[in-house]
Amino acid sequence: MKTTVQELDGKMVAVFDGELDTIAAAETEAALKPLFDSTGKDLVLDCTDLQYIASSGIRILVNLLKSAKANGNRVILKNVNEVIRDVLELTGIVSYFEFE
């Protein structure tokens, strides 16, 4: 799993590439630290190349969402494939995110 983070057009953008499973969770969460620390910016999670998400990945998304709300940020999931969206729907958290 590869996670890259950059500021782009006034937004913090994270790009996921691979499988966000238990093995990748700690490294991914560390890579997302700039998003957790960000205030007053939209957080865009580009899921174009995210192939799989495990419960540990869901936990990261929920924690990021909580942090973002506390810091006045929005979390936007971009290019989510059908498999990932189904997982978000099954866990009941799909309605908490914005999608592009």
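Before I describe the sheet, one definition: two strands are said to pair if DSSP finds at least two bridges between them. What I am showing you today is a predicted model, and with that definition in hand we can read its sheet, which is open and has five strands in the order β1-β2-β3-β4-β5, with mixed pairing. The strands at the edges are β1, residues 2–8, and β5, residues 98–99, and because each of them has a single partner strand, one side of each is left without a neighbour in the sheet.

As a general reminder, strands of a sheet pair through backbone hydrogen bonds, either parallel or antiparallel. In our model, β2, which covers residues 11–20, runs parallel to β3, residues 43–53, and eight bridges join the two. If you would like one pair to look for on the screen, take Leu20, whose bridge partner in β3 is Ile53.

Let me turn to the helices that lie across this sheet. Helix α1, residues 22–31, lies across β1 and β2, and its direction makes an angle of about 170° with β2. Helix α4, residues 82–91, lies across β3, β4 and β5, and here the angle, taken to β3, is about 100°. At the start of α4, a side-chain oxygen of Asn81 comes to within 3.0 Å of the backbone nitrogen of Val83, while after the helix comes Gly92, which has a positive phi near 85°. We can also find Arg85 lying over the face of Phe99, 4.1 Å from the ring centre, although the number of aromatic pairs in the structure is zero.

Now I would like to look more carefully at two residues, beginning with Asn73, which sits in the loop between α3 and β4. Is Asn73 buried or exposed? Its relative accessible area is 4%, and since buried means under 20%, Asn73 counts as buried. The side chain of Asn73 reaches the backbone nitrogen of Lys41 at 2.9 Å, and, leaving aside neighbours within four places in sequence, the residues in contact with Asn73 include Ser38, Thr39, Gly40 and Leu43.

The second residue is Met12, in strand β2, which is buried as well, with a relative accessibility of 8%. Not counting residues up to four places away in sequence, Met12 touches, among others, Val5, Pro34, Leu35, Ser38 and Val44. Ser95, by contrast, is 83 residues from Met12 in sequence, and their C-alpha atoms are 21 Å apart in space.

Conventions. Residues are numbered from 1 along each chain as its sequence is written. This is a predicted model: local features need pLDDT of at least 70, side-chain atom pairs count only at pLDDT 80 or more; totals for chains, interfaces and linings use all residues. Side-chain values use heavy atoms; hydrogens and water are left out. Helices (H or I, at least four residues) and strands (E, at least two) are DSSP runs, numbered from the N terminus. Contact means heavy atoms within 4.5 Å. Axes are lines fitted to C-alpha atoms, for helices over the stretch in contact, and angles run from 0 to 180 degrees between N-to-C directions. Rings of Phe, Tyr and Trp (its six-membered ring) pair if their centres lie within 6.5 Å; planes under 30 degrees apart count as stacked, over 60 as edge-to-face and the rest as tilted. A charge sits over a ring if NZ of Lys or CZ of Arg is within 6 Å of the ring centre and within 35 degrees of the ring normal. Buried means under 20% relative accessible area, exposed over 50%, partly exposed in between (1.4 Å probe, protein chains only). A polar contact is a pair of N or O atoms within 3.5 Å; within protein, one must be able to donate a hydrogen and the other to accept it, and residues adjacent in sequence count only if both atoms are side-chain atoms.
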